[in-house]
Amino acid sequence: MSDIPPELDENLHHFASGGKDVEWLPPLPIKYYTVAHIVQNNKILLGYKKRGFGQGKYNGFGGKVEPNETSLEAAMRELEEEAGIRAPLKHVGVLLFIVSGAEKTFHIDIYYASEFEGTPTESDEMRPEWFSLSPPPPNNAMTAEDTNQLPPIPWDKMWDTDQCWIPLLPQGRAFRGRADFDKDENGSFVPRRWWYGLLDE
Ligand SMILES: Nc1nc2c([nH]c(=O)n2[C@H]2C[C@H](O)[C@@H](COP(=O)(O)OP(=O)(O)OP(=O)(O)O)O2)c(=O)[nH]1
């Protein structure tokens with residue numbers, strides 16, 4: 001599609017976009033981050049972020065890539081530090097995350113694995129919890145079986161625009177995206193404009 005945002009220069013097939021009809025934010029120096037997910041048997045492991053950037057939101061496990069490590073090494077280290085598990089992570093996507101008025105573009109490498117070793121364990125930073133990847137049944141159609149199921153993904157407590165790509169993780173389809181945000185007077189992040197595409201394989 002012709003409206004591929006600047007900085008996403010690969011051959012991409014649009015699958016999600018939205019927001020206001022405004023210019024993309026100007027490019028900034030890039031800082032590298034990771035986020036990793038365990039996706040297994042129609043469920044996904046997310047962590048409740050207890051402190052720092054994104055506090056109070058659910059997200060995959062991740063953080064900054066340190067100068068002495070690769071992105072994959074950082075992703076494995078953060079998964080172990082934050083969730084107490086090890087997994088053969090595979091790279092699946094890149095999200096360029098830009099906040100109006102910030103100093104850096106966040107280049108976030110997105111990883112997933114379908115198996116892991118260890119027991120998901122709460123850390124100082126994250127509380128791991130499993131969620132169902134199936135859409136929730138309508139309220140009036142709940143059965144006794146449904147009530148035993150895992151809770152649905154808590155989209156209202158996650159970064160806006162994650163809903164575009166989390167459902168793709170079980171297929172392992174490679175994607176690229178960009179999400180620009182504004183900050184409102186309360187310091188909350190408000191999505192401004194976003195675009196996601198599948199990479200040619
Ligand atoms: N899923 C998702 N994750 C995002 C978005 N924006 C964003 O920064 N993140 C992730 C990338 C990183 O995993 C995390 C921010 O890193 P962090 O501040 O937790 O880094 P860190 O753990 O190294 O920080 P610290 O402990 O060193 O203070 O948030 C987004 O829009 N969606």
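Modeller: Buried means under 20% relative accessible area, exposed means over 50%, and partly exposed is what lies in between. The model discussed here is a predicted one.

Colleague: Why is Pro120 called partly exposed?

Modeller: The relative accessible area of Pro120 is 27%. Partly exposed covers what lies between 20% and 50%, so Pro120 counts as partly exposed. Pro120 belongs to the loop between E6 and strand E7 (126-132).

Colleague: How far apart in space are Pro120 and Asn186?

Modeller: From C-alpha to C-alpha they are 33 Å apart, with their positions 66 residues apart in sequence.

Colleague: What makes Arg77 partly exposed?

Modeller: Arg77 has 22% relative accessibility, and therefore counts as partly exposed. The cut-off for buried is under 20%. Arg77 is part of helix H1, and its C-alpha atom is separated by 33 Å from that of Trp24, 53 residues apart along the chain.

Colleague: Why does Asp182 count as buried?

Modeller: Because its relative accessibility is 16%, and buried means under 20%. Asp182 is in strand E8.

Colleague: Which side chains does the side chain of Asp182 contact?

Modeller: One polar contact, at 3.5 Å, is with the side chain of Lys20. Another, at 3.0 Å, joins Asp182 to the side chain of Arg192. The cut-off for a pair of N or O atoms is within 3.5 Å.

Colleague: How do you know that Asp180 is buried?

Modeller: Its relative accessibility is 1%, and the limit for buried is under 20%. So Asp180 counts as buried. Asp180 has its place in strand E8 (residues 175-183), and its side chain reaches the backbone nitrogen of Leu25 at 2.8 Å.

Colleague: What makes Arg178 buried?

Modeller: A relative accessible area of 0%, set against a limit of under 20%, so Arg178 is buried. Arg178 is also found in strand E8. Arg178 and Glu81 are 97 residues apart in sequence, and their C-alpha atoms are 27 Å apart in space.

Colleague: Turning to the ligand, how many residues surround it, and which are the closest?

Modeller: There are 18 residues around the ligand, and the closest are Thr34, Lys49, Asn59, Lys64 and Asp162.

Colleague: What makes the ligand's pairing with Lys49 a polar contact?

Modeller: An N or O atom in the side chain of Lys49 is 2.5 Å from an oxygen atom of the ligand. A polar contact is a pair of N or O atoms within 3.5 Å, so this pair counts.

Colleague: Which atoms of the ligand pair with Asn59 and with Lys64?

Modeller: With Asn59, a nitrogen atom of the ligand is 2.8 Å from an N or O atom in the side chain. With Lys64, an oxygen atom of the ligand is 2.8 Å from a backbone N or O atom. The protein covers 84% of the 660 Å² of accessible area that the ligand has on its own.

Colleague: Which elements give two or more residues to the shell around the ligand?

Modeller: They are strand E2 (30-40), helix H1 (71-83), strand E5 (90-99), strand E6 (105-113) and helix H3 (162-165). The space that the ligand takes is the largest pocket.

Colleague: How many residues of the shell fall in each class?

Modeller: The shell around the ligand has 8 nonpolar, 4 polar and 6 charged residues. Lys counts as charged, so Lys49 and Lys64, among the closest residues, belong to the charged class.

How values were computed: Residues are numbered from 1 along each chain as its sequence is written. This is a predicted model: local features need pLDDT of at least 70, side-chain atom pairs count only at pLDDT 80 or more; totals for chains, interfaces and linings use all residues. Side-chain values use heavy atoms; hydrogens and water are left out. A residue is near a molecule or strand if one of its heavy atoms lies within 4 Å of it. A polar contact is a pair of N or O atoms within 3.5 Å; within protein, one must be able to donate a hydrogen and the other to accept it, and residues adjacent in sequence count only if both atoms are side-chain atoms. Accessible areas come from the Shrake-Rupley method with a 1.4 Å probe; for residues, only the protein chains shown count as cover. On a 1 Å grid over the protein atoms alone, a cavity is a set of points where a 1.4 Å probe fits but cannot get out, and a pocket is an open set with protein on both sides within 12 Å along at least five of seven lines; lining residues have an atom within 4 Å of a point. A molecule sits in a cavity or pocket if more than half of its atoms lie within 2 Å of its grid points. Helices (H or I, at least four residues) and strands (E, at least two) are DSSP runs, numbered from the N terminus. Buried means under 20% relative accessible area, exposed over 50%, partly exposed in between (1.4 Å probe, protein chains only).
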